[in-house]
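Work through the exercises below with the sequence and the structure open. Try each task before reading its solution.

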Amino acid sequence: PALPNVLSVGVRNIQSGNVLGTLVDTVAASAGAACHSGGGVSGVLGQLKVPAEYALGTLRLSVGRHTTPEEVDKAVRLIASAIRAQPTW
């Protein structure tokens with residue numbers, strides 16, 4: 001079942017771990033699917049047939065009851081900046 005407060009975004013031709021490394025202490029996010037740990041394409045994303053060029057760049061984001069619209073806007077700006085700074089493959 002999908003959760004209404006979770007967003008999964010696949011960014012083509014980047015490594016999500018590298019993006020997360022630049023967001024440390026600014027945005028709480030995860031790479032891949034919720035049940036995934038380690039390198040490579042998540043089993044869940046693989047089963048969903050998400051192409052590798054998107055799956056390897058998947059970021060998982062969520063908001064909570066107390067998350068403000070201003071915090072979401074700030075996170076969007078930080079994530080977009082971190083993505084633009086990444087080399088593509």
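**Exercise 1: The largest pocket**

The largest pocket is lined by 22 residues, and those nearest its centre are Leu61, Ser62, Val63, Ala75 and Ile79. The model is a predicted one.

Task: State the volume of the largest pocket, then find which elements give two or more residues to its lining.

Solution.
Step 1. The volume of the largest pocket is about 480 Å³.
Step 2. Two or more residues of the lining come from each of these elements: strand 1, strand 3 and helix 4 (69-84).
Step 3. Helix 4 gives the largest share of the lining, with six residues.
Step 4. Sorted by class, the lining has 15 nonpolar residues, five polar ones and two charged ones.

**Exercise 2: The sheet**

Task: Give the order of the strands in the sheet, and decide whether the pairing is parallel or antiparallel. Then explain why one side of strand 1 and of strand 2 has no neighbour in the sheet.

Solution.
Step 1. The sheet is open and consists of three strands in the order 1-3-2, with antiparallel pairing.
Step 2. Strand 1 and strand 2 (30-31) are at the edges and have a single partner strand each, so each has one side without a neighbour in the sheet.
Step 3. Turn to the bridges between strand 1 and strand 3 (residues 58-62): there are five, and the two strands run antiparallel. Leu7 has Leu61 of strand 3 as its bridge partner. Val6 is partnered in strand 3 by Ser62.
Step 4. Strand 2 and strand 3 are also antiparallel, and their pairing has two bridges. Here the bridge partner of Ala31 is Leu59 in strand 3.
Step 5. Add the helix that lies across strand 2 and strand 3: this is helix 1, which runs at about 45° to strand 3.

**Exercise 3: Two residues with positive phi**

Task: Locate Asn13 and Asp25. For each, say whether the residue is buried or exposed, and what its phi is near.

Solution.
Step 1. Asn13 sits in the loop that links strand 1 (6-10) with helix 1 (16-23).
Step 2. The relative accessibility of Asn13 is 16%, so Asn13 is buried, the cut-off being under 20%.
Step 3. Look for partners beyond four places in sequence: Asn13 is in contact with Glu53, Pro87, Thr88 and Trp89.
Step 4. Asp25 sits in the loop between helix 1 and strand 2. Its relative accessibility is 79%, so Asp25 is exposed, for which the cut-off is over 50%.
Step 5. Most residues other than glycine have a negative phi. Asn13 is not glycine, yet its phi is positive, near 60°. The phi of Asp25, also a residue other than glycine, is positive and near 70°.

**Exercise 4: Three residues of helix 4**

Task: Take Val76, Arg84 and Glu71, which lie in helix 4. Classify each one by its accessibility and give its C-alpha separation from the residue named in its step.

Solution.
Step 1. Val76 has a relative accessible area of 52%, and therefore counts as exposed. Val76 and Leu59 are 17 residues apart along the chain, and 12 Å separates their C-alpha atoms.
Step 2. Arg84 is also exposed, because its relative accessible area is 65%. From Arg84 to Ile14 there are 70 residues in sequence, while the C-alpha atoms are 9.7 Å apart in space.
Step 3. Glu71 has a relative accessibility of 43%, so Glu71 is partly exposed. Glu71 and Val27 stand 44 residues apart in sequence and 9.4 Å apart in space, taken from C-alpha to C-alpha.

Methods:
Residues are numbered from 1 along each chain as its sequence is written. This is a predicted model: local features need pLDDT of at least 70, side-chain atom pairs count only at pLDDT 80 or more; totals for chains, interfaces and linings use all residues. Side-chain values use heavy atoms; hydrogens and water are left out. Helices (H or I, at least four residues) and strands (E, at least two) are DSSP runs, numbered from the N terminus. Buried means under 20% relative accessible area, exposed over 50%, partly exposed in between (1.4 Å probe, protein chains only). Contact means heavy atoms within 4.5 Å. Two strands pair if DSSP finds at least two bridges between them. Axes are lines fitted to C-alpha atoms, for helices over the stretch in contact, and angles run from 0 to 180 degrees between N-to-C directions. On a 1 Å grid over the protein atoms alone, a cavity is a set of points where a 1.4 Å probe fits but cannot get out, and a pocket is an open set with protein on both sides within 12 Å along at least five of seven lines; lining residues have an atom within 4 Å of a point. Grid points are joined across faces, edges and corners, and a volume is the space filled by probe spheres set on the points. Ala, Val, Leu, Ile, Met, Phe, Trp, Tyr, Cys and Pro count as nonpolar, Asp, Glu, Lys and Arg as charged, and the others, Gly among them, as polar.
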